[in-house]
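The exercises below ask the reader to follow charged side chains and paired strands through one protein chain. Each task is followed by a solution that proceeds step by step.

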Amino acid sequence: MIADSPAPDARAAALRVVILILMVAVSASCGGDRHDGLPHDALVLMVSSDLAVGPQRVLVAAVDRDNRSLVSDTPVGVVFYGPDGTAREETAARFMWAIPEVRGLWRANVTFDAPGNWKLAVRGADGRLVEGAPFSVAAEPQTVGVGERAPASLSKTSSDAPIRTITSDPEPDPRLYRMTVAEAVGSGRPAVVVFATPAFCTSRTCGPALDTAKGLVDDYPSVNWVHVEVYENLDAQAAEELVIAEPVVEWGLPNEPWVFVVDESGVVADRFEGVVDRMELDDALARVTS
């Protein structure tokens with residue numbers, strides 16, 4: 001988990017993610033439970049950590065009182081309540097696997113109209129609402145947002161060092177290490193930039209996110225693909241010795257993984273915190289390559 005933000009809202013968001021990770025770490029060892037509906041005492045959590053006013057993609061999870069992940073692929077609705085306590089929007093949420101057959105999440109799209117402390121509730125197939133923990137919405141995102149110019153970061157490439165020393169991916173695709181982020185986003189071609197650390201990822205979702213991107217490389221040969229390892233010194237003997245890579249700081253990342261789709265003009269067209277599935281990333285790429 002990367003935590004490097006002076007803003008109170010960002011610190012609170014990072015803390016929520018840490019709590020969720022700790023809970024899921026316990027549940028992952030036991031496996032997730034499938035439920036057609038959520039129990040009344042389920043804890044519903046906003047997983048997304050960098051939320052700001054405007055349209056947002058959000059990830060929502062649920063755990064039971066024994067800290068086990070509640071895996072449910074049944075359709076749900078998510079109700080969002082603004083800082084004044086009134087219901088702002090109810091939107092359908094799509095199920096997706098975070099860790100296949102172990103941990104599931106719901107993905108939804110919502111527009112936040114004001115900063116402050118928000119709440120949410122999940123509506124199951126039976127129509128019953130299960131309230132979730134509160135979460136913070138900032139006036140501006142901490143991470144590079146949609147519509148902003150992608151930072152021209154000088155990430156490491158295979159020209160700088162052997163691939164095994166610049167990525168912790170056990171099966172790296174050499175095509176993701178041929179150019180720097182700066183070269184990828186400044187070439188006049190669309191680009192995908194993946195920030196992930198498969199070997200050190202606290203949430204265990206870096207490997208799946210990177211694999212999703214790698215699975216689409218052949219389908220989009222006109223796109224520049226770059227994987228940025230989150231840490232500089234992959235030979236560190238202990239976690240506390242890890243040094244965050246400069247591009248991670250430049251992009252304002254509070255955690256990992258993140259996947260950014262950048263259009264041909266170098267502007268971020270889509271961004272995905274945490275889990276992203278093939279369909280979602282494929283749709284984003286189709287929009288910048290059509």
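## Exercise 1: A charged cluster

D277 is buried, its relative accessible area being 16%, in what is a predicted model.

**Task.** Determine which side chains meet D277 in salt bridges, and where in the chain these partners lie.

**Solution.** Step 1: begin with R94, whose side chain meets that of D277 in a salt bridge at 2.4 Å, counted from N to O. R94 belongs to strand β6 (residues 87-99), whereas D277 sits in the loop between β14 (268-273) and α5 (278-289), so that this pair links distant parts of the chain, 183 residues apart. With a relative accessibility of 33%, R94 counts as partly exposed, because the partly exposed class lies between the limits of 20% and 50%.

Step 2: turn to R107, which also forms a salt bridge with D277, here at 3.4 Å from N to O. Because R107 lies in strand β7 (residues 103-112) and D277 in the loop between β14 and α5, the pair ties together parts that are 170 residues apart in sequence.

**Task.** Find out which further salt bridge R107 forms with E280, and whether the two residues are buried or exposed.

**Solution.** Step 1: the closest N and O atoms of E280 and R107 are 3.2 Å apart, and the two residues form a salt bridge. Since E280 lies in helix α5 and R107 in strand β7, this contact ties together parts separated by 173 residues in sequence.

Step 2: the relative accessibility of E280 is 10% and that of R107 is 14%, and both residues count as buried because the limit is under 20%.

Step 3: put the contacts together, and salt bridges with shared partners join R57, R94, R107, D277 and E280 into one network. In the model as a whole, the count of salt bridges comes to 15.

## Exercise 2: An enclosed strand

**Task.** Explain why strand β3 is described as largely enclosed by the rest of the structure, and identify how β3 pairs with β2 and with β7.

**Solution.** Step 1: strand β3 covers residues 54-63, and nine of its 10 residues are buried, which is why the strand is largely enclosed by the rest of the structure.

Step 2: strand β2 (residues 43-46) runs antiparallel to β3 and is joined to it by four bridges, with M46 standing opposite V60 in β3.

Step 3: β3 also pairs with β7 in the antiparallel sense, over seven bridges, and the bridge partner of V60 in β7 is W106.

Note on methods
Residues numbered from 1 in each chain as written. Predicted model: local features only at pLDDT ≥ 70, side-chain atom pairs only at ≥ 80, totals over all residues. Heavy atoms only, no water. Salt bridge = Lys/Arg side-chain N within 4 Å of Asp/Glu carboxyl O. Helix = DSSP H or I, 4+ residues; strand = E, 2+ residues; numbered from the N terminus. Buried < 20%, exposed > 50% of the residue type's maximum accessible area, 1.4 Å probe, protein only. Pairing = 2+ DSSP bridges.
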